[in-house]
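Dear colleague,

I am handing over the structure we discussed, with the sequence and the coordinates placed just below. My notes on what was found in it follow after that.

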Amino acid sequence: MPTRYDIVGGRPLQGTLRVSGAKNAALKMIVAALIADGVTTLHNVPRITDVEITLKLCEELGARYRWRDETTVEIDARNINNAVIPLRYSGSTRTPILFVSPLLHRLGKAELTTIGGCSIGPRPINYHIAGLRQLGVQVEEASRTAYRFQADRLHGNIITLEYPSVGATENLLMAAVGARGRTVIRNAAIEPEILNLAGMLQAMGAVVYQDVNRTWIVEGTRRFRAVEYEVMDDRIEAASFAACAVATGGEVLVKGAIQRDMVTFLDWLRKVGGEFDIYPDGIRFYRQDRLRPVNLETDVHPGFMTDWQPPFVVLLTQAEGISVVHETVYESRFGYVEALVSMGAHIQLTNDCLGSRECRFTNKNYLHSALISGPTPLRGGTLHIPDLRAGFAYVMAALIASGESRIYGTEFVQRGYANLIGKLREIGADISETPVETAESP
Ligand code: EPU
């Protein structure tokens, strides 16, 4: 049954919470488990809908899974026997394309029926397809959203990605580890979540390492073993709570926030006027000063992550002056701004590339830059969540706002944030979840 969050805002958040394992690492590691003909154990897996969907997909392909405890899952991939990635799950997430490489290693073929995902712009898979073709995979486009893949054995190659796509890099790493010979992937993504996946692939038997200039080098093997492996902590979740602590003028110790994976975020937070103390197992976030405006651009790692952008924009509504945020990863990731404006924020969107450089979306008519002028008091309202990261931005805005907010579409948030209510309550938020009739939800 759908639910809604009721939030009474306006109080500084204070206390300690622990983030969960990283969604964007866990999903790929669950998929990678299918490469090995054995039982893989993954620790620190977040209990979120996207993980459940991915596990169900594994099951459809012949694997079995079992939660050993709250965050440990065992994936038995000894009986992979179905190469068709089913349509009913493919609609709700883009993970299905990543199953192609494990299926090619195990069955020599894969079939994909459609690609879905959050409503944050179109989600093409052209980089995945082009790279797989270069590794010797025959790809047949059965329709605009259906593909058939076939390869008796993949072969290594030198691939240069048009753009350092996270998903395409992960897919090609998973393909290359089972290919004959050496693969070089240039202009690749190097996000910490990809390092986590690469570490698992190495443990499974592959030779896989990073070279200079965004390059991955892989030497393939046929002999994989099932491993026991740990998912990294979620740096998107950590940054989201950090932004809440600073925006509400509170102080929160976020356990599982790891400096190494959040260096860029920490720099920008400090430029805005947020402060932090680093501990071995977490980071304490608070505000030292008045909040200052910044001129910021999202980018691939080691740049400022696009997934940090929505909570940061909410934070910037509380800074004194005009901030500029240029989104260069997704063409339409400001869909949540309208709701913030209805709560009292002053934000203007523009098609122009505001900032120091032009991006892929220049002259393309996408509202991908924002001018935020603050500080603006926010007032509670009724909000309908359009996608996962926007969802957290709404929750955060409601926590800052005076009065009460009702937020519908909570299932989007539950795709990526494990036990959000419990965590926010630990830091003093007044938030509750109520089941709603379908007619009441959007
Ligand atoms: N792109 C193409 N062609 C492709 C692949 C990507 O044009 O074949 C474009 C995309 O449309 C986008 C850009 O390249 O404009 C970047 O996409 P990328 O492939 O890097 O993203 P992804 O792998 O689909 C992952 C995360 C996203 C995160 C991005 C960027 C997962 C499951 N998703 O997506 O996370 O925003 O990398 O860091 O890992 C989220 O967690 O809310 C989320 C959307």
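To begin with one pair of strands, the bridge partner of Tyr65 in β5 is Ile75. Please keep in mind throughout that this is a predicted model. Tyr65 pairs in this way within a set of 5 bridges that join strand β4 (residues 64–69) to strand β5 (residues 72–76), the two running antiparallel, and the hairpin that joins β4 to β5 does so through 2 residues.

A second group of strands makes up an open sheet of 4 strands, in the order β6-β7-β9-β8 and with mixed pairing; its edge strands, β6 (84–85) and β8 (138–143), each pair on one side only. Between β8 and strand β9 (residues 146–150) there are 5 bridges, and these two strands run antiparallel, with Ala146 of β9 as the bridge partner of Ser143. Strand β8 also holds Glu140, a residue that is partly exposed, with a relative accessible area of 42%. The C-alpha atoms of Glu140 and Ile80 are separated by 22 Å, the two residues being 60 apart along the chain.

The ligand and its surroundings come next. Of the 24 residues around the ligand, Lys28, Arg94, Asn126, Ser165 and Gly167 come nearest, and the shell divides into 10 nonpolar, 6 polar and 8 charged residues. At least two residues of this shell are supplied by each of α1, α5 (126–134), α6 (166–176) and α12 (388–400). Among the contacts to oxygen atoms of the ligand, a backbone N or O atom of Tyr127 lies at 2.8 Å, a polar backbone atom of Val166 at 2.7 Å, and an N or O atom in the side chain of Arg389 at 2.8 Å. Taken alone the ligand exposes 830 Å², of which the protein buries 91%.

Two of the helices that contribute to the shell deserve a closer description. Helix α1 (residues 23–32) has 10 of its 10 residues buried, so this helix is largely enclosed by the rest of the structure; Lys28 is one of those buried residues, and Lys23, Asn24 and Met29 are also among them. Helix α12 is likewise largely enclosed by the rest of the structure, because 13 of its 13 residues are buried. At 1.5 Å a residue the 13 residues of α12 should span 18 Å, and the end C-alpha atoms are 19 Å apart, which agrees. The N-terminal end of α12 is capped by Asp387, a side-chain oxygen of which lies 3.2 Å from the backbone nitrogen of Arg389.

Finally, there are some points of backbone geometry that you may wish to look at. Most residues other than glycine have a negative phi, and most peptide bonds are trans. A cis peptide bond nevertheless joins His301 and Pro302, with omega at about 10°, and Pro302 is placed in the loop between β18 (295–297) and α10 (309–316). Another cis peptide bond joins Gly374 and Pro375, with omega at about 0°, where Pro375 lies in the loop between β21 (369–374) and β22 (382–384). As for phi, Asn44 has a positive value near 60°; this residue belongs to the loop between β3 (39–43) and α2 (49–60) and is buried, with a relative accessible area of 15%. Arg214 also has a positive phi, near 55°, and lies in the loop between β12 (207–211) and β13 (215–219).

With best regards

Notes
Residues numbered from 1 in each chain as written. Predicted model: local features only at pLDDT ≥ 70, side-chain atom pairs only at ≥ 80, totals over all residues. Heavy atoms only, no water. Buried < 20%, exposed > 50% of the residue type's maximum accessible area, 1.4 Å probe, protein only. Near = heavy atom within 4 Å. Polar contact = N/O pair within 3.5 Å; in protein donor to acceptor, adjacent residues only side chain to side chain. Areas by Shrake-Rupley, 256 points an atom, 1.4 Å probe, with all protein chains shown as cover. Nonpolar A, V, L, I, M, F, W, Y, C, P; charged D, E, K, R; others polar. Expected span 1.5 Å × (residues − 1). Pairing = 2+ DSSP bridges.
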